[in-house]
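Trainee: I'd like a close look at one helix in this model and what packs around it. Could you walk me through that part in one go?

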Amino acid sequence: MTASVEILVRDARLTDIDRVIGLMERADARWTLDQLTDAADILRQMLYLPNASVIVALDGRMVVGAAALTLRPSVAAGGMVGTVDITAVEPGNELDGVLEALLQELLRQTRNKGCVALEGNLPDDAADVARWEAVGFAESGPRMSCPLVRVPAAAW
């Protein structure tokens, strides 16, 4: 018998940032206290930027996942490109579809903003690579990339 977890994904609010920072600390021990303090300041700023988005995944009232998206223009890509800046999933919830839900929401948001692709750093864990691939990403050098619209190839 399998249990299902209902995940709500929404835009982060200012009051979520401290919980997101705690989640980042638990999800990845490589973050130092100084980096987390800086990240909190940047995430708070991102909430108000038109070319950025911070989202959270909730299980009830508990933040079990978070992701940040930034947009940038790209001549080579032929339009705006979304970049998955960070993802964090509460340890123990990796198999509950939290990362997949976050990535699907980021794909939806980047499509709505007219981006031609969404990309992010190649995950260290092979299981995470498979989760990214399951929602449409493919390895592209040191990054994962998911084209959102067909763009004619640039002739160099």
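Mentor: Sure, and keep in mind that this is a predicted model. Let's start from Thr110, which sits in helix α3. Is Thr110 buried or exposed? Its relative accessible area is 0%, and buried means under 20%, so Thr110 is buried. What does Thr110 touch, once you skip its neighbours within four places in sequence? The contacts are Leu69, Leu71, Gly82, Cys115, Leu118 and Leu148.

Now zoom out to the whole helix. α3 covers residues 98-112 and packs on helix α4, residues 126-134, at an angle of about 40 degrees, with the two axes 9 Å apart. Angles under 35 degrees would count as roughly parallel, and at about 40 degrees α3 is therefore oblique to α4. The crossing of this pair is right-handed. On the α3 side, Leu99, Glu100 and Leu103 do the touching, and they meet Asp128, Arg131 and Trp132 of α4. Sort the residues of that contact by class and you get 3 nonpolar, 3 charged and no polar ones.

Next, the core. In soluble globular proteins, nonpolar side chains tend to be buried together. Here the largest nonpolar core has 23 residues, and the members touching the most other members are Leu106, Leu107, Leu118, Trp132 and Phe137. Which elements give two or more residues to this core? They are the strands β2 (52-59), β3 (62-74), β4 (79-89) and β7 (143-147), along with helices α3 and α4. The largest share, 6 residues, comes from α3.

Phe137 is a good place to see how these pieces come together. Leaving out residues up to four places away in sequence, Phe137 touches Leu103, Leu107, Leu118, Glu119, Trp132, Met144, Ser145 and Cys146. Two of those names have come up before: Leu103 and Trp132 also take part in the contact between α3 and α4. Leu118 is another familiar one, as a contact of Thr110.

There is also a second, separate core of 20 residues, with Val20, Val56, Val63 and Ala68 among them. Val20 leads us to another helix pair, α1 (residues 17-27) and α2 (residues 33-46), whose axes come within 10 Å and cross at roughly 140 degrees. These two helices are therefore oblique to each other, and their crossing is right-handed. Val20 is one of the α1 residues in that contact, along with Ile17, Asp18, Ile21, Met24 and Glu25, while α2 brings Leu36, Ala39, Ala40, Leu43 and Arg44. By class, that contact has 8 nonpolar, 3 charged and no polar residues.

Terms used. Residues numbered from 1 in each chain as written. Predicted model: local features only at pLDDT ≥ 70, side-chain atom pairs only at ≥ 80, totals over all residues. Heavy atoms only, no water. Axes fitted to C-alpha atoms, helices over the stretch in contact; angles between N-to-C directions. Helix = DSSP H or I, 4+ residues; strand = E, 2+ residues; numbered from the N terminus. Parallel < 35°, antiparallel > 145°, perpendicular 65-115°, else oblique. Left-handed = near helix turned anticlockwise from the far one by under 90°. Contact = heavy atoms within 4.5 Å. Nonpolar A, V, L, I, M, F, W, Y, C, P; charged D, E, K, R; others polar. Buried < 20%, exposed > 50% of the residue type's maximum accessible area, 1.4 Å probe, protein only. Core = buried A, V, L, I, M, F, W, Y, C linked by side-chain atoms within 4.5 Å.
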